[in-house]
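Please work through the exercises below with the sequence and the coordinates at hand, trying each task before reading its solution.

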Amino acid sequence: MGKTSDLTAVQKTIIDTLHKEGKTQKVIAKEAGCSQSSVSKHINRQAKGRKKCGRKKCTSSRDNRTLQRIVTTNPFKNVGEIHKEWTAAGVSASRTTTRRLMKDMGFRCRIPCVKPLLNKKQRKKRLAWAKDKKDWTDAEWSKVMFSDESKFCISFGNQGPRVWRKSGEAQNPRCMRSSVKFPPSVMVWGAMSSAGVGPLSFLRSRVNAAVYQEVLEHFMLPAADQLYGDADFTFQQDLAPAHSAKTTSTWFKDHGIPVLDWPANSPDLNPIENLWGIVKRRMQYARPNNAEELKTTIRAAWALITPEQCHRLIESMPRRITAVIEAKGAPTKY
């Protein structure tokens with residue numbers, strides 16, 4: 001006859017049932033097929049199996065709530081800073097315990113999402129734009145050539161401070177960093193459509209209207225011939241000063257190219273932003289030693305982008321627009 005911990009589920013059920021009926025332990029042991037001592041221990045413990053063993057926890061529930069409040073209030077602090085603040089509150093625990101408890105609470109150390117700051121007027125315009133374009137079909141979006149500039153650095157290791165957050169909190173404003181548009185840097189210009197990508201242009205100087213028009217002349221027009229042939233298309237660009245300059249608008253009119261109206265600070269609506277992300281992830285382990293090697297690496301990664309990837313991104317436009325409408329013009333996950 002086995003010990004209490006060796007009782008089967010059926011034996012435990014029989015013991016509980018007969019005990020409720022008022023049967024003696026001797027009768028219960030006979031019916032359950034186990035020793036009387038096993039019946040006695042099971043009834044007295046009122047538990048199934050052995051009690052949990054192990055070292056007693058060094059922190060109380062109140063201490064744990066204090067830790068959770070510290071992390072929630074200051075999600076950008078590292079473990080050392082959080083541990084220091086927690087112990088200053090009178091808690092006696094090691095740094096390892098601090099990290100383990102944070103993990104048990106569901107916090108993970110992640111790189112924060114970066115979203116542009118939008119004022120009330122910009123959110124209102126984004127919402128109006130999304131409502132105006134909500135009925136566009138995939139065929140209509142396939143006629144749009146999307147363009148953008150992106151910054152590429154020789155070193156990709158500096159990604160800024162990390163943030164402590166739980167699963168599902170990636171888009172929580174408390175866990176996000178705000179981005180500043182147009183940092184002083186050398187940019188790479190590119191364009192895409194549902195048919196694929198066009199040639200890249202590496203910008204060596206500050207992008208003003210004259211420089212941008214040269215990019216349009218020598219890179220955008222060849223990209224249009226490559227992606228659309230003789231078919232009509234609409235060109236997309238953001239509201240950077242060089243893009244919205246009067247001379248640039250005149251250039252488009254002289255070439256008979258319609259330009260898609262675009263809301264300010266809306267990278268989440270532009271599918272080419274996802275292509276930049278793909279290129280940078282592919283370059284994650286590349287370590288170019290100079291600018292020329294960096295350009296070669298960028299071109300190689302850009303050349304690997306397939307028309308199928310571009311087509312899927314263009315097909316995401318209705319979902320992006322729906323997300324903006326649901327967010328009432330606020331930044332979305334895209």
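The exercises that follow concern charged side chains in a predicted model.

**Exercise 1.** Determine how Lys 77 and Glu 85 interact, and classify the exposure of each residue.

Solution. Begin with the side chains, which meet in a salt bridge with an N to O distance of 2.8 Å; this satisfies the criterion that a side-chain nitrogen of Lys or Arg be within 4 Å of a carboxyl oxygen of Asp or Glu. Next, take the accessibility of Lys 77, whose relative accessible area of 27% makes this residue partly exposed. Finally, Glu 85 has a relative accessible area of 31% and is likewise partly exposed. The structure holds seven salt bridges, and the next two exercises take up further examples.

**Exercise 2.** Describe the salt bridge between Asp 104 and Arg 100, and explain how the two residues are placed along their helix.

Solution. The closest N and O atoms of Asp 104 and Arg 100 are 3.7 Å apart, and the cut-off for a salt bridge is 4 Å. Turning to the helix, both residues belong to helix 6, which covers residues 95–104; because Asp 104 and Arg 100 are four residues apart there, about one helical turn separates them. As for exposure, Asp 104 counts as exposed at 56% relative accessibility, since the exposed class begins over 50%, whereas Arg 100, at 44%, counts as partly exposed.

**Exercise 3.** Which parts of the chain are linked by the pair Lys 133 and Asp 261, and which network includes these residues?

Solution. First establish the contact: the side chains of Lys 133 and Asp 261 form a salt bridge with an N to O distance of 3.1 Å. This pair links distant parts of the chain, with Lys 133 in helix 7 (residues 120–133) and Asp 261 in the loop between helix 11 (246–255) and helix 12 (272–282), the two being 128 residues apart. Lys 133 counts as buried because its relative accessibility is 3%, and the buried class lies under 20%; Asp 261, by contrast, is partly exposed at 43%. To complete the picture, Asp 132 joins Lys 133 and Asp 261 in one network through salt bridges that share partners.

**Exercise 4.** Identify the residues that form a positive surface patch, then locate Arg 110 and classify its exposure.

Solution. The patch is formed by Lys 103, Arg 108, Arg 110 and Arg 162. Of these residues, Arg 110 can be placed in strand 1, which spans residues 108–110. With a relative accessibility of 38%, Arg 110 counts as partly exposed, and this value also meets the requirement of over 30% for membership in a patch.

Notes. Residues numbered from 1 in each chain as written. Predicted model: local features only at pLDDT ≥ 70, side-chain atom pairs only at ≥ 80, totals over all residues. Heavy atoms only, no water. Patch = residues over 30% accessible without salt bridge, like charges linked within 9 Å, V, L, I, M, F, W, Y side chains within 5 Å. Areas by Shrake-Rupley, 256 points an atom, 1.4 Å probe, with all protein chains shown as cover. Lys, Arg positive; Asp, Glu negative; His and termini not counted. Charge placed at Lys NZ, Arg CZ, Asp CG, Glu CD. Buried < 20%, exposed > 50% of the residue type's maximum accessible area, 1.4 Å probe, protein only.
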